Amino acid sequence: MNSFLLIGQSNAAGRGIISEAEPLNNNKLFILRNGKWQSMFRPINPDRSFSGVSLAETFSRLYADKYNVDVGI
């Protein structure tokens, strides 16, 4: 798995409208929660009621597709 840190506080948290985004149907995308890798879900940062689609989703999908690897955020 290729893993990347999502850094940038609120800038990286995601504010895009979830209902307008493409589905997360790539089984190569993962997120680290509570010390365990889980399939990526939305919102990636569920700590705020207004959290939404994040740039990490697009980055992860494009990277996974280009290099044919699993990607963890």
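1. P43 is situated in the loop that connects β3 and α2. In this predicted model, the peptide bond leading from R42 into P43 is cis, and its omega is near -10°. As background, most peptide bonds are trans. The R42 to P43 bond therefore deserves mention as a cis case, given that most peptide bonds are trans.

2. Two asparagines show a backbone feature of another kind. N34 has a positive phi of about 55° and is not a glycine; N34 belongs to the loop between β2 (29-33) and β3. For N68, phi is near 55°, again a positive value in a residue other than glycine, and N68 sits in the loop between α2 and β4 (71-72). For context, most residues other than glycine have a negative phi.

3. Are N34 and N68 buried or exposed? N34 counts as exposed because its relative accessibility is 77%, a value over the 50% cut-off. N68 has a relative accessible area of 57% and is therefore exposed as well.

4. The sheet is open and consists of four strands, ordered β1-β4-β2-β3, with mixed pairing. The edge positions are taken by β1 (2-3) and β3; each has a single partner strand, so one side of each lacks a neighbour in the sheet. In general, strands of a sheet pair through backbone hydrogen bonds, in either a parallel or an antiparallel sense.

5. The pairing of β2 with β3 is antiparallel and extends over four bridges. One residue pair may be named here: the bridge partner of I31 in β3 is Q38.

6. W37 lies in strand β3 (residues 36-39). Its relative accessible area is 40%, so W37 is classed as partly exposed, the value falling between the cut-offs of 20% and 50%. Together with M1 and L32, W37 makes a nonpolar surface patch of about 310 Å².

7. Which residues does S60 contact, leaving aside its neighbours within four places in sequence? They are L29, M40, V71 and I73. S60 itself is placed in helix α2 (residues 55-67). With a relative accessible area of 0%, S60 is buried, because buried means under 20%.

8. In summary, the points for inspection are the cis bond from R42 to P43, the positive phi of N34 and that of N68, the nonpolar patch of M1, L32 and W37, and the buried S60 in the model.

How values were computed:
Residues numbered from 1 in each chain as written. Predicted model: local features only at pLDDT ≥ 70, side-chain atom pairs only at ≥ 80, totals over all residues. Heavy atoms only, no water. Buried < 20%, exposed > 50% of the residue type's maximum accessible area, 1.4 Å probe, protein only. Contact = heavy atoms within 4.5 Å. Patch = residues over 30% accessible without salt bridge, like charges linked within 9 Å, V, L, I, M, F, W, Y side chains within 5 Å. Areas by Shrake-Rupley, 256 points an atom, 1.4 Å probe, with all protein chains shown as cover. Salt bridge = Lys/Arg side-chain N within 4 Å of Asp/Glu carboxyl O. Pairing = 2+ DSSP bridges.
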